[in-house]
Structures are given as C-alpha cells and as structure tokens.
Amino acid sequence: MVYYQKMTPKGYQKIKDEIAGLKKDRPRRIKILQEARSLGDLSENTEYTEAKRDLGHLQSRLRYLEKQLKYAEIIEKKADGKVDLGKTVTLKFADDPETETYQVVGRMEADIAAGKVAFDSPLGQAIMKKEAGQTVSVAAPAGKYQVTIKKIE
C-alpha cells in the first residue's frame, strides 16, 4: 500500500523550488569536487573528502524531495466551514486569554513558530473537520487541554 503525503499547494511549490535550487547548485558542487580531486593523493585530501560528502548530501536531499513530490496528495481548500488542510484557524486555549492563529498544513510544512500546525499533530487531529464555536479536547504528550475554535478562514 502506498502512503500519499498530504500537503497544501504552497507546500508542494516550496518543495519544487527547493529541488530547482539544489539542481542549480549541483554543477558548482561537482566542479568543486573535480578541482579537489585534481589536487593529488585522495587518501589525505580533506578538500576532496568534504566536497564528496557535500555532493552526497545534495544528491540525497534531491532524492528525498523528489520522492515527496512523487507521493504528494495536494489538498485544495474547501468552502465547507470546517477545519481542513490549508485553512487558517483562530483558536482560544482554555488557560490563555489570548487567541492564536494557525494554518493547518501537511506534515512536511509544519512549523509551529511560523504559525503552521500539522493536520496529524495532536492539536491538528483534535480540530480537523470541526466547526467554529466548537470546543475540543486535545490529548498531547504533555497532557490534555481544551481549545475553542473561534474562526475558520
């Protein structure tokens, strides 16, 4: 069974952009490797070892990202009034007088510091498919807490 990675159109584009940047950088890294190789004895050539390692990391990252695109399932926003991938939600935590705003995104795009919460995180799972005004219980590793969905955009 193949598992498809859910993501927003922006997340998909971000991966494509990173792949393009890495492919653009590859010839430069190959040239560095060739120049380091021409310095002589490879067994004691630190420049060659580092250049080879750096090129290997670049190639590995490219394979990983291309696999993510191959198995990507792009989820478009629906205007159904429920929390779903790509939507922005304003939440009120029971123990905090302030509200927080998050965009619900795929696992690869998640960045809590940037206001992006993964749909399959404890918070994401608790609010998925819920409507504004609902209060849900979130079962997180640190313990349970309550959150109220104030607004869905």
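# Close-up views of a predicted model

**View 1. The largest pocket and the residues that line it.** In this predicted model, the largest pocket has a volume of about 190 Å³. Its lining is made up of G11, K14, I15, E18, R61, L65, M108, E109, A110, D111, A114 and K116. When these residues are sorted by class, the lining of the largest pocket holds six charged residues, five nonpolar ones and one polar one. Two helices, α1 (9–37) and α2 (46–70), each supply at least two residues of this lining, and α1 gives the most, with four residues. As general background for reading such a view, rolling a probe the size of a water molecule over the atoms shows where empty space is left.

**View 2. R61, a pocket-lining residue of helix α2.** R61, which is one of the residues lining the largest pocket, has its place in helix α2. Is R61 buried or exposed, or does it fall in between? R61 counts as partly exposed, because its relative accessibility is 34%, a value that lies between the 20% under which a residue is called buried and the 50% over which it is called exposed. Leaving aside residues up to four places away in sequence, R61 touches E18 and L22, and E18 is also among the residues that line the largest pocket. For a sense of distance across the model, the C-alpha atoms of R61 and A142, which are 81 residues apart along the chain, are separated by 33 Å.

**View 3. Q68 and its contacts.** Q68 is likewise found in helix α2, and it counts as buried because its relative accessibility is 12%, while the word buried is used for values under 20%. Which residues does Q68 touch, not counting residues up to four places away in sequence? The contacts of Q68 are Q5, M7, I15 and M108, and of these, I15 and M108 also appear in the lining of the largest pocket.

**View 4. Two aromatic pairs.** The structure holds two aromatic pairs. One of them is formed by Y4 and Y71, a tilted pair with 6.1 Å from centre to centre and 55° between the planes. This pair links distant parts of the chain, since Y4 sits in the segment before β1 (5–7) and Y71 in the loop between α2 and β2 (72–74), 67 residues apart. Y4 is partly exposed, with a relative accessible area of 41%, and Y71 also counts as partly exposed, at 25% relative accessibility. The rings of F93 and Y145 have their centres 5.8 Å apart and their planes at 40°, so this pair is tilted. The pair of F93 and Y145 again links distant parts of the chain, with F93 in strand β3 (residues 88–93) and Y145 in strand β7 (residues 143–152), 52 residues apart. F93 counts as buried, at 13% relative accessibility, whereas Y145 counts as partly exposed, at 29%.

**View 5. The annotated region and A139 in strand β6.** According to the UniProt record, an unreviewed entry, the annotation "domain: Transcription elongation factor GreA/GreB C-terminal" covers residues 79–153. The end C-alpha atoms of this span lie 9 Å apart, and the span is 8% helix and 43% strand. A139 lies in strand β6, and at 54% relative accessibility A139 counts as exposed. Apart from residues up to four places away in sequence, A139 touches P122 and K144. The C-alpha atoms of A139 and Q125, 14 residues apart along the chain, are separated by 9.3 Å.

**View 6. K129 and its positive phi.** K129 has its place in the loop between α3 (122–127) and β6 (135–140). What is notable about the backbone of K129 is its phi, near 65°, a positive value in a residue other than glycine. Most residues other than glycine have a negative phi. The relative accessible area of K129 is 45%, so K129 is partly exposed.

**View 7. D17 in helix α1.** The place of D17 is in helix α1, and D17 counts as partly exposed because its relative accessibility is 46%. Where A94 is taken as a second point, the C-alpha atoms of D17 and A94 are separated by 39 Å, with the two residues 77 residues apart along the chain.

Key: Residues numbered from 1 in each chain as written. Predicted model: local features only at pLDDT ≥ 70, side-chain atom pairs only at ≥ 80, totals over all residues. Heavy atoms only, no water. UniProt positions renumbered as here; feature names shortened; annotations may be inferred. 1 Å grid on protein atoms, 1.4 Å probe; cavity = no way out; pocket = protein on both sides within 12 Å on 5 of 7 lines; lining within 4 Å. Points joined across faces, edges and corners; volume = space filled by probe spheres on them. Nonpolar A, V, L, I, M, F, W, Y, C, P; charged D, E, K, R; others polar. Buried < 20%, exposed > 50% of the residue type's maximum accessible area, 1.4 Å probe, protein only. Contact = heavy atoms within 4.5 Å. Phe/Tyr/Trp six-rings, centres within 6.5 Å; stacked < 30°, edge-to-face > 60°.
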